[in-house]
Amino acid sequence: MSRTARLFQLMQCLRSGAPPHTAHSLAQDLDVSPRTVHRDIDTLRGLGAVIDGAAGFGFTLVEDATLPPLGFENDELEALVLGLREVEQIGDPDLVAAAQTALHKLQARLPSRQSHRLAHAVLTARRFSRPEAPAISVADLRQATWDETAVEFAYCDAQGAKTRRRVDPLGITYMDRSTMLVAWCHLRRDFRVFRLDRMRDLVVTDQSFRPRRVPLLREAIARFQAQDDACREGVNGS
């Protein structure tokens, strides 16, 4: 293997897997000695790669010199700020904290001119009334949705009827006055929408419905869109 090819492969190793990467493990992957790995790390640093760590502690790729610097058009920055400010207004506490952290990270990584523009954006978002506060852990519900794992919860509908539901969570939608879960309901054997503020006692089960979330969500959206179109046609025709 040529030295150029070895340096390229070393970068690939540093990009993949969970850091820190020890010199010993990198040497095994590259079929070279740990001493060669240390020399190659110094070479990559000299070429502009920011690699944290030292002998005995392992190495972590912090910044990849082969990737272009983070940059956005001015309108893209405004859109990002507006979107994150909106999340601060309507999101659950975990999402609000994540939006604030994301703004700080963006500001730290952008060129100084654009960092100033982000800090003093002309667009923001304010809500006089927020969606009803969820009575469950939305973070747990989001994770179950990503993991494609069924959940159970107690539910009270608009008429006050109480039921216990097991559903396959498909997506969460933030509306003007409420936050909704789109799901496949095991009790009704059909798609249903549940308000998060009416859900109680959320339990994440060990029942997986992978890999059905995306096709189910597409079917649900198509079904709801067809129902909405039918209602609009009925109103226009009356």
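**Exercise 1. A surface residue**

Does Leu82 count as buried, partly exposed or exposed, and at what relative accessibility?

*Solution.* The structure is a predicted model, in which local features need pLDDT of at least 70 and side-chain atom pairs count only at pLDDT 80 or more, while totals for chains, interfaces and linings use all residues. Residues are numbered from 1 along each chain as its sequence is written, and side-chain values use heavy atoms, with hydrogens and water left out.

Step 1. The classes are buried (under 20% relative accessible area), exposed (over 50%) and partly exposed in between, with a 1.4 Å probe and protein chains only. Leu82 has 34% relative accessibility and therefore counts as partly exposed.

Step 2. Leu82 belongs to helix H4, residues 74-90. Helices (H or I, at least four residues) and strands (E, at least two) are DSSP runs, numbered from the N terminus.

Step 3. Together with Val122 and Leu123, Leu82 makes a nonpolar surface patch of about 270 Å². Patches consist of residues with over 30% relative accessible area and no salt bridge; like charges are joined within 9 Å, and nonpolar side chains (Val, Leu, Ile, Met, Phe, Trp, Tyr) within 5 Å. The areas come from the Shrake-Rupley method with a 1.4 Å probe; for residues, only the protein chains shown count as cover.

**Exercise 2. Strand pairing**

Determine how strand S4 pairs with strands S3 and S5.

*Solution.* Step 1. Two strands pair if DSSP finds at least two bridges between them. Strand S3 (residues 149-156) and strand S4 (residues 162-174) run antiparallel and are joined by six bridges. Within this pairing, Tyr155 has Thr163 of S4 as its bridge partner.

Step 2. The hairpin of S3 and S4 has five residues between the strands, and Gly160 in the turn has a positive phi of about 90°.

Step 3. S4 also pairs with strand S5 (residues 179-185) in the antiparallel sense, over seven bridges. Here Ile172 is opposite Leu181 in S5, and four residues lie between the two strands of this hairpin.

**Exercise 3. Salt bridges**

Examine the salt bridge of Asp92 with Arg142 and the network that contains Glu219.

*Solution.* Step 1. A salt bridge is a side-chain nitrogen of Lys or Arg within 4 Å of a carboxyl oxygen of Asp or Glu. By this rule the count is 13 salt bridges.

Step 2. In the pair Asp92 and Arg142, the closest N and O atoms are 2.7 Å apart. Asp92 lies in the loop between H4 and helix H5 (93-109) and Arg142 in helix H7 (residues 138-147), so the pair ties together parts that are 50 residues apart in sequence. Asp92 is buried at 5%, whereas Arg142 is partly exposed at 22%.

Step 3. Arg192 and Asp190 form a salt bridge with an N to O distance of 3.6 Å. The corresponding distance for Glu219 and Arg223 is 3.8 Å; both residues lie in helix H8 (residues 213-237), four residues apart, about one turn of the helix. Salt bridges that share partners join Asp190, Arg192, Glu219 and Arg223 into one network.

**Exercise 4. A buried leucine**

Locate Leu216 and identify its contacts.

*Solution.* Step 1. Leu216 is in helix H8 and counts as buried, at 8% relative accessibility.

Step 2. Contact means heavy atoms within 4.5 Å. Leaving aside residues up to four places away in sequence, Leu216 touches Leu170, Phe191 and Phe209.

Step 3. The C-alpha atoms of Leu216 and Ala183 are separated by 8.6 Å, the residues being 33 apart along the chain.
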